[in-house]
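User: Walk me through one part of this model in detail: a buried spot, and the helix that comes just before it in the chain. Keep it relaxed, but give me the cut-offs.

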Amino acid sequence: GTGPLVQMLAPNVKEVYGIDSSAEMLKSAKERVSKFKNVTLKKADLYRLPIEDKRVDAVLLSIVLPYLE
């Protein structure tokens, strides 16, 4: 998405990954969260997330159900 959750989480956690399949959404997110050094934005498919096993403690999905097959 455009990064509002990432923006909210970034000041409160060690790392945040924002993942979306849309380059346009990621462009907007990058503008929104560019001041945070602990944010990584990646373009990826929901079914093939570019995160190693046991790398994260929590996952938040927002507005995802309409895109599931």
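Analyst: A polar contact here is a pair of N or O atoms within 3.5 Å; within protein, one must be able to donate a hydrogen and the other to accept it, and sequence neighbours count only if both atoms are side-chain atoms. This is a predicted model, so to speak of local features pLDDT must be at least 70, with side-chain atom pairs counted only at 80 or more, while totals for chains, interfaces and linings use all residues. Numbering starts from 1 along each chain, and side-chain values use heavy atoms, without hydrogens or water.

Let's start with asparagine 38. You'll find asparagine 38 in the loop between H2 and S2 (DSSP runs numbered from the N terminus: helices are H or I, at least four residues; strands E, at least two). Asparagine 38 counts as buried because its relative accessibility is 18% (buried is under 20%, exposed over 50%, partly exposed in between; 1.4 Å probe, protein chains only). A polar atom of the asparagine 38 side chain sits 2.8 Å from the backbone oxygen of alanine 10. Leaving aside residues up to four places away in sequence, asparagine 38 touches Ala10, Val13, Lys14, Glu15 and Val16 (contact: heavy atoms within 4.5 Å).

Now step back to H2. At its N-terminal end, serine 22 acts as the cap, with a side-chain oxygen 3.3 Å from the backbone nitrogen of glutamate 24.

Further along, the buried residues of H2 are Leu26, Ala29 and Val33. They share one side of the helix because the arc they cover around the axis is only 60° (taken from the directions from the helix axis to the C-beta atoms). The general pattern is familiar: an α-helix has 3.6 residues a turn, so residues three or four places apart point the same way. Over on the other side of H2, Glu24 and Glu31 are exposed. So what covers the buried residues of H2? The cover includes H1, S1 and S2.

S2, one of those covering elements, spans 39–43, and the segment after that strand is where leucine 60 has its place. Is leucine 60 buried or exposed? Leucine 60 counts as exposed, because its relative accessibility is 56%. Along the chain, leucine 60 and leucine 5 are 55 residues apart, yet 8.7 Å separates their C-alpha atoms.

To recap the part you asked about: asparagine 38 is buried in its loop, with alanine 10's backbone oxygen at 2.8 Å from its side chain, and H2 has Leu26, Ala29 and Val33 buried, with Glu24 and Glu31 exposed on the other side.
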